[in-house]
Amino acid sequence: MELITPDFGLIFWQILVFGILFFLLAKFAWKPIIQSLHEREESIDQAIKLSEETKKEMAELKAGNEQLLVSARAERDALIKQAKEAADAMISQAKLDAQTAANQEIEKARVAFEQEKVAAVASIRKEAASLSLDLAEKVLKSQLKDKAAQEKLVSEWIADVTLK
Amino acid sequence: MSGKSIFKKVYFSNIILGLFISLFSFSAWANEPAAAEATEHAPQQEEKFDAGKMILHHIADEHEWHFFTIGHFHATIPLPCIVYTESAGLQVFSSSNFKNEHHEEVPYQGLKLEHGKIHAENGETVYDISITKNVASLLLSAVLLLSIFIGIGKTYKENPHRAPKGIQSLFEPIIIFVRDEIAKNNIGEKHYRRFMPYLLTVFFFIWFNNMLGLIPGGANVTGNIAVTAVMAIIAFFVTNLNGKATYWTHVFAMPGVPKWMLIIMTPVEIVGVFMKPFSLMVRLFANMTAGHIILLSLVSLIFIFENAALGIAVVPFSLFMNVIELIVAFIQAFIFTMLVSTYIGAAIEEHHH
């Protein structure tokens, strides 16, 4: 029974000691300990968060760079393509122009040649006509020295005429 | 690396402590043959070894700190007696005044010490606030707690963002354990910080005193009903003074229960309010006292059977029990703190069903 009968003295001292202990520990031990544990955890947490954010930013930056690179490459390709197209167009245009010019030249030459030809033919004809006239004159002059020959000729011509 | 070595140290010191207690127990009972010798001169007073009496003496409080007795040599530290009586007022004197040179109990200034209690010879009420063995141990534990934790607190204050060092790193995991596993889990993220100083004080107070009680010659402070009663009463006030509306409605008018049921429910709940701290008181007291009784009983076996050979069986077993008690010392501190925080958690809970 004595074992489960609380002593007055011990109750008194326990209240006193525990009370003082609580007061002193709360003020000088638990407060700084809890506070700095909290602060330390907070700072670690923040550091981790910051590093994660930085990592994310780095990744974003890298992705941005890649995108930039890709677009730059595409732009370059487009430019090259455009330039090539322009060059091709220019070349084909030049070819076409040259062709047209050549054709025109040829045409001109042909026309000139034709004219020359016509002129040449005409002059040859004229020449031939005058030659043949001269020749005919000379032949006539020689053949028509006698009357008989003249008559024969006339009759042949008449014969020819009728034939035609 | 250092954690491992600390573990090793603790592990070995447990074993050494166990051995110590076993050895101490031997020396403590070494007085029995001496007592028998003494009784030869007075055969009418012959008494056999009474394990029950011895054990009760060891777990009870006393006015002097008795370590051991060899023959006629008594290794005791007399402690100050502080006594108030109406006729003599406040008296402070050494407890050695109650013993004569033959180590027999004698009255002193109208007061006599009987069965560990001071009575007045004229029968008036005695208010005894002596520094008994338990009070001395209590003060010792308080000094220990203050010097350790205020020291640690200073280290924290000086460099709060550094990793813990030395003794700080021994206690930091335990402080964090109390905070995260006990306070945060049971009280909740919102209110737990308010109760941290109280919970930490309770935890370390109980743990330190449990451990001090296991040291050979140590006092059975946490196995004393007065100490656990005060702890329980403080827990009662902390819980109920923080009780919110939800808590009190649950006590006096349990929601969701038919009205007529409240006739039964309300008295049960009111009893529960007092039963919770009462169970705290009994649990700590009974666990620590039982541990001491088991250890003392084991060693008593040798003297009951008057056979030293029994020591071969008893010493390893009492060593084993000592290690168990070291674990129990921690577990009881944990359970007390845990339950108080669940009671607080239930009292300050504010959500509705």
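This passage describes the contacts between chains A and B and the architecture of chain B in a predicted model.

The association of the two chains was examined at the residue level. On the side of chain A, 31 residues are in contact with 39 residues of chain B. The chain A residues that touch chain B comprise 23 nonpolar, four polar and four charged residues.

Chain B consists of 353 residues, 31% of which count as buried. Its secondary structure comprises 10 helices and seven strands. Of the contacts in chain B between residues at least 6 apart in sequence, 66% join residues that are at least 24 apart.

Three of the strands of chain B form an open sheet in the order β4-β3-β7, with antiparallel pairing. The edges of this sheet are occupied by β4 (89-94) and β7 (126-128) of chain B; each has a single partner strand, so one side of each is left without a neighbour in the sheet. From one strand to the next, the twist averages 25°.

The pairing of β3 with β7 in chain B can be described in further detail. Strand β3 of chain B, which spans residues 80-85, runs antiparallel to β7(B) and is joined to β7(B) by three bridges. Within this pairing, Thr85(B) has Val126(B) of β7(B) as its bridge partner.

Notes: Residues are numbered from 1 along each chain as its sequence is written. Chains are lettered from A and ligands numbered from 1 in the order in which they are written. This is a predicted model: local features need pLDDT of at least 70, side-chain atom pairs count only at pLDDT 80 or more; totals for chains, interfaces and linings use all residues. Two residues are in contact if their C-beta atoms, placed from the backbone, lie within 7 Å. Ala, Val, Leu, Ile, Met, Phe, Trp, Tyr, Cys and Pro count as nonpolar, Asp, Glu, Lys and Arg as charged, and the others, Gly among them, as polar. Two strands pair if DSSP finds at least two bridges between them. Helices (H or I, at least four residues) and strands (E, at least two) are DSSP runs, numbered from the N terminus. Axes are lines fitted to C-alpha atoms, for helices over the stretch in contact, and angles run from 0 to 180 degrees between N-to-C directions. A residue is buried if 20 or more other C-beta atoms lie within 10 Å of its own, exposed if 12 or fewer, and partly exposed in between; C-beta atoms are placed from the backbone.
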